[in-house]
Amino acid sequence: MSITARQNKARALVVRHPAHARPTVVRLATASVLAGMAVAASAGTAAATPAAPLPTFTGTTSLQALLLDDREVGSMLGAPNLDEVRSGNKLLGGSARPSQCTGAYAAASAAAYADVDPQEVAFKVISDDGSRPNVIVTEGVVQLDSKREALAHMTATADAWADCKGLTVTAGGESWVLDAPRVNDAHTIVTLGQTSVDGSRTCERAIATYRDIFIDVLSCSTGRAEGQAVKITQAIADNADAQSV
Amino acid sequence: MHSNTIATDTLSGTGAAPCSADPDLFFGGHTEREDGDMGGPTLEVMQRAARLSETARTACLLRCPLAQQRRCAKEALNQEIAYGVWAGVQLPGDLARKVPVLNAQREILRGIAEGKIDPRTHPSNAALLRAASDETVPAVAQLRPTRNPSSQALPTAATA
């Protein structure tokens, strides 16, 4: 389906909400969807999820526009010297070992989308470019066929991450130990920590959905990456919310 | 086009170029691209690949004339190659989290191609050249032996 046709379809399906009804934080998935996931809550017991109506896209002009730019990411992570070092509209190649953990290791990896039919893709890699970068962020948004498919893919992805818990993943000449996936209290964002075997760097994976958009982020840092990918994921969701009417 | 083919085509007629004599040493690694669904390299394979990379880079630095290294650097840039050892520079592959390293390595290649960087005096090669000069046996003699049935079983892998 072309973007225009999809946009028209989205317009036809639009449900408009009064401005005051729009949630400050976009509810990305319902608790019931995530309840069956083999993941641990990040802190405490998740509160019951209110049945808030979902905002609706009405013609996102470009998936790329949902992604943060280097200044936004730099400001968010307290790293002022970041640059966009790559961007594109195709899922990324490459694999890790074990192969079933490729999606837990890397964001926007083609290997992690074999079970779905991506309609459109946009990604950016943002870093303080150099042979020894301190920060590397991969942010991707993948438009799937439907909100239902996006949520199903989120559940499947979280389950796949759970199967990689505690494993050492090797790729690109490096090895990383994967934590257990965790879900935030609002049951909207699933995260996964990674630590290099030498302990010098950490990464955080984060995924969420906004309607039929799957948000897929990796943030790596020589410091503590915890919380970074979550912030970026939420900001992308907020961008998507701002572009919906 | 596979990097082996590029190297052979580009550098044919240049005599005993190390990469022509043993292309797997220079271009055979990076299984995250080449192994299809096999699942990427093991840690052991990566460690071996790192050693092979050092051998390839050393051979390139000590045995390849500067003009040939410049040609290698230009070819890698023109073809937007992300893997292998070119002009003594190890390219890290095209995984997203390797992009900054890839860009940095390409910048060195650009300097070599334009004649602004002499690989033999570039800081990135200092440790390699120092190690080579410390060896009792010259590093140039440490290239892998010619392929035989047992060496064909040698796995190749990604290097960072």
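In this predicted model, Pro100(B) touches a group of residues in the other chain: Val85(A), Ser127(A), Asp129(A), Gly130(A), Pro133(A) and Ile136(A), leaving aside residues up to four places away in sequence. Pro100(B) itself sits in helix 7 of chain B. It has 25 C-beta neighbours inside 10 Å, and because 20 or more are needed for a residue to be buried, Pro100(B) counts as buried. Along chain B, Ala131(B) is 31 residues apart from Pro100(B), and the C-alpha atoms of the two are separated by 27 Å.

Two of the residues touched by Pro100(B), Ser127(A) and Ile136(A), lead straight into the strands of chain A. Ser127(A) stands opposite Ile136(A), which belongs to strand 4 of chain A. The two strands involved, strand 3 and strand 4 of chain A, run antiparallel and are joined by 8 bridges. Strand 4 of chain A is also joined to strand 10 of chain A, again in the antiparallel sense, by 9 bridges. Within that pairing, Val137(A) has Ser219(A) of strand 10 as its bridge partner.

How enclosed is strand 4 of chain A, and on which faces? Of its 9 residues, 9 are buried, so the strand is largely enclosed by the rest of the structure. Val135(A), Val137(A), Glu139(A), Val141(A) and Gln143(A) lie on one side, while Ile136(A), Thr138(A), Gly140(A) and Val142(A) lie on the other, and both faces are covered. The loop between strand 3 and strand 4 of chain A offers a contrasting case in Arg132(A). With 9 C-beta neighbours inside 10 Å, Arg132(A) counts as exposed, since the limit for that class is 12 or fewer. Arg132(A) and Gly199(A) are 67 residues apart in sequence, with 15 Å between their C-alpha atoms.

Helix 6 of chain A, residues 228-243, comes next. Its 16 residues reach 23 Å from the first C-alpha to the last, close to the 22 Å expected at 1.5 Å a residue. Its buried residues include Val230(A), Ile232(A), Ile236(A) and Ala237(A), and also Gln228(A), Gln234(A), Asn239(A) and Asp241(A). Among the elements that cover the buried residues of this helix are strand 4, strand 9 and strand 10 of chain A, together with helix 3 and strand 8. One view of this packing comes from Ile215(A), which touches Thr233(A), Ile236(A) and Ala237(A) as well as Val141(A), Ile207(A), Ala208(A), Thr209(A) and Tyr210(A), not counting residues up to four places away in sequence.

Several of these residues return in the largest nonpolar core. Nonpolar side chains tend to be buried together in soluble globular proteins. Here the largest core has 97 residues, of which Val141(A), Ile215(A), Ile236(A), Trp86(B) and Leu109(B) touch the most other members. Helix 7 of chain B, residues 99-113, supplies the largest share of this core, with 7 residues.

Chain B has further local features to follow. Strand 1 (residues 83-86) and strand 2 (residues 89-92) of chain B pair in the antiparallel sense over 4 bridges, and Tyr83(B) stands opposite Pro92(B) in strand 2. This hairpin has 2 residues between the strands, and Ala87(B) takes a positive phi near 55° there. Glu80(B), which follows helix 6 of chain B, likewise has a positive phi near 55°. Helix 6 of chain B, residues 66-78, has 13 residues that should span 18 Å at 1.5 Å a residue, and its end C-alpha atoms are 18 Å apart, which agrees. The buried residues of this helix are Gln69(B), Arg71(B), Cys72(B), Ala73(B), Glu75(B) and Ala76(B).

Turning to chain A as a whole, there are 6 helices and 10 strands. Buried residues make up 47% of its 245 residues. Of the contacts in chain A with a separation of 6 or more, 64% are between residues 24 or more positions apart.

Confidence is best read stretch by stretch. Chain A has a mean pLDDT of 80, with 75% of its residues reaching 70 or more. The pLDDT is below 50 over residues 1-26 of chain A, a stretch with 28 contacts in the model beyond near neighbours in sequence. It is also below 50 over residues 38-60 of chain A, where the model has 57 such contacts. Chain B averages a pLDDT of 71, and 61% of its residues score at least 70. Residues 1-14 of chain B have pLDDT below 50 and 22 contacts beyond near neighbours in sequence. For the model as a whole, the scores are ipTM 0.71 and pTM 0.74.

Definitions and conventions. Residues numbered from 1 in each chain as written. Chains lettered and ligands numbered in written order. Contact = placed C-beta atoms within 7 Å. Pairing = 2+ DSSP bridges. Core = buried A, V, L, I, M, F, W, Y, C linked by C-beta atoms within 7 Å. Expected span 1.5 Å × (residues − 1). pLDDT = per-residue confidence, 0-100.
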